[in-house]
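Thanks, everyone; I would like to take a few minutes to walk through one chain, going from the overall picture to a few individual residues. Please keep the sequence and the structure in view while I talk.

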Amino acid sequence: MLQGAVVIQVTNVPGALATQAIEELLAHVGATETRILAGRGKKKSALAAFPNESIGAAAITRLNKMRLADHQLAARIYQGETETTMPRPIFPPLPPEPATAAPCRRQPTPIAPHLGLHYPPSPLLAYKYPKASPEIVANIANALMALPKLYTQVLHLMNKMNLPPPFEKDIIKGPFSPDDTRSTSKRKVAETFQASDDEDDADEEALVVASPLPKPLAPAPPLPHAKRQKIPKPPKKLPGVAAVFADDEASTRLVSRPGVISEAELIRTRLSPEALAATKYMKGYTRGEPSTVLYVKNIAKGVDASDLRHVFGAVFPDDESMIDLSIKLFTEGRLKGQAFVEFPTQQLATLALEMVHGVTLEDKPLIVVGHRWRQAMDG
């Protein structure tokens, strides 16, 4: 029989829960001694002894609120072996204890005593690892090659899980098999070229829309079910380096402050005029007319509006004036990867065009053009 002032019976415990985990759970709520009882079906029960009634009552309240593996725990005061619902436990004989030895209570290991965390971790916590990817598997393979002991332990684990020995070629089929690797690589190459063609077509059409016209005419009302006419593309020729970076020699005009990119970082991440003019993104590029609105294209998928605000906000003298900075970033649809950035004055927009055009964000240079869409709408 358990030794303690109060004995609590805990039922409806999931059968998949290990005995050690049940003991740690009951010790976490204050139990001094526990015994696991084999129940019927897929459920278990346990008896737990507590030093006094107050700790036992608190433990009953906490246990009745717990739910493990879709099983609601039920805790109550144990009334003895006369209950018909209580299974009869069968325990192996315990070795005799010395008469002089005092009863020892096992204390759970605290989390970090050197940091002042003297309480034990919850037994319900579990690690949450990301899903396997080619990069993660490659890192694990490098670790196996570098650490022979880790390689041996992995082989032991595969043997326990009844997996085939990995000593023959292609004994375990998967994504890294030669046939699957070739088909996957061909599919990725085809998708990449198709996506690149679509992005180039969308970028060229966006550049045509962004190019200033001599006299914008009033648009005619769209007819229902009318076919959209394709706008002729501009002649394909690279602009001169001097024309694109006419005012690129501007220096020390930005105020360094926290929260925005510094001028030195802008210069470091910006492509040189020759390197930028040689890229495909500058095909048919025109600088555009001076305006308070800038059209930005070639934005990487991982870049959001806060990143653009971090870059374009560098031209403002202080944080208060950045309230007038408006950014419209398109993350889906035909204008995906493009944005409109509006400034309070034309001078700030021109300075941002000179400083940000060609700056690389996530390996893709930003292409910035002066745009007069707001003036056309107001007119």
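The chain has eleven helices and twelve strands, and I should say at once that this is a predicted model. Of the 379 residues in the chain, 29% are buried. If we take the contacts between residues at least 6 apart in sequence, 69% of them join residues at least 24 apart.

Let me turn to the nonpolar cores. The largest nonpolar core has 40 residues, and within that core Phe312 and Phe343 have the most contacts. Helices α9, residues 305-312, and α10, residues 346-356, each supply at least two residues of this core, as do the strands β7 at 293-297, β9 at 338-342 and β12 at 367-371. The largest share comes from α10, with seven residues. As for Phe312, and leaving aside residues up to four places away in sequence, its contacts are Leu294, Val296, Leu325, Val341, Phe343, Ala352, Val356 and Val368. There is also a second, separate core of 20 residues, which includes Ala31, Ala48, Met66 and Leu68. As general background, nonpolar side chains in soluble globular proteins tend to be buried together.

Since α10 gives the largest share of the main core, how much of α10 is buried? Eight of its eleven residues are, so this helix is largely enclosed by the rest of the structure. The buried residues of α10 are Leu348, Ala349, Leu351, Ala352, Leu353, Glu354, Met355 and Val356, and you will notice that Glu354 is on that list. The elements that cover them include α7, residues 263-269, together with β7, α9 and β12.

Just beyond this helix there are two residues to look at. His357 is in the loop between α10 and β10, the latter at residues 360-361, and His357 counts as buried because its relative accessibility is 2%, under the 20% cut-off. The side chain of His357 reaches the backbone nitrogen of Val368 at 3.1 Å, and Val368 is also among the residues that Phe312 touches. Gly358, which follows α10, has a positive phi, near 95°.

Staying in this part of the chain, I would like to bring in the stretch around β8. Asp324 is in the loop between α9 and β8, where β8 is residues 326-330, and Asp324 touches Glu342 and Pro344, again not counting residues up to four places away in sequence. From Asp324 to Thr345 the C-alpha distance is 9.5 Å, with their positions 21 residues apart in sequence. Ser326, for its part, lies in strand β8 and counts as partly exposed, at 37% relative accessibility. With the same sequence neighbours set aside, up to four places away, Ser326 touches Phe340, Val341 and Glu342. Its C-alpha atom is 6.8 Å from that of Phe343, which is 17 residues apart from Ser326 along the chain.

Now to a pair of helices elsewhere in the chain. Two packed helices are described by the angle between their axes and the distance between the axes. For α3, residues 134-146, and α4, residues 148-160, the axes come within 5 Å and cross at roughly 110°, and these two helices are therefore roughly perpendicular to each other. The contact brings Ala143, Leu144 and Ala146 of α3 against Pro148, Leu150, Tyr151 and Val154 of α4. Seven of the contact residues are nonpolar, with no polar and no charged residues among them.

Ahead of α3, in the loop between β6, residues 74-77, and α3, we find Ser122, which counts as partly exposed at 31% relative accessibility. Ser122 and Glu24 are 98 residues apart in sequence, while their C-alpha atoms are 8.6 Å apart in space.

I will finish with backbone angles, and here the background is that most residues other than glycine have a negative phi. Asn162 is not a glycine, but its phi is positive, about 60°, and Asn298 likewise has a positive phi of about 60°. Are these two asparagines buried or exposed? Asn162, in the loop between α4 and α5, residues 178-210, is exposed, with a relative accessible area of 70%. Asn298, in the loop between β7 and α9, counts as buried, at 4% relative accessibility.

Methods: Residues are numbered from 1 along each chain as its sequence is written. This is a predicted model: local features need pLDDT of at least 70, side-chain atom pairs count only at pLDDT 80 or more; totals for chains, interfaces and linings use all residues. Side-chain values use heavy atoms; hydrogens and water are left out. Axes are lines fitted to C-alpha atoms, for helices over the stretch in contact, and angles run from 0 to 180 degrees between N-to-C directions. Helices (H or I, at least four residues) and strands (E, at least two) are DSSP runs, numbered from the N terminus. Angles under 35 degrees count as roughly parallel, over 145 as roughly antiparallel, 65 to 115 as roughly perpendicular and the rest as oblique. Contact means heavy atoms within 4.5 Å. Ala, Val, Leu, Ile, Met, Phe, Trp, Tyr, Cys and Pro count as nonpolar, Asp, Glu, Lys and Arg as charged, and the others, Gly among them, as polar. A nonpolar core is a set of buried Ala, Val, Leu, Ile, Met, Phe, Trp, Tyr and Cys residues joined through side-chain atoms within 4.5 Å. Buried means under 20% relative accessible area, exposed over 50%, partly exposed in between (1.4 Å probe, protein chains only). A polar contact is a pair of N or O atoms within 3.5 Å; within protein, one must be able to donate a hydrogen and the other to accept it, and residues adjacent in sequence count only if both atoms are side-chain atoms.
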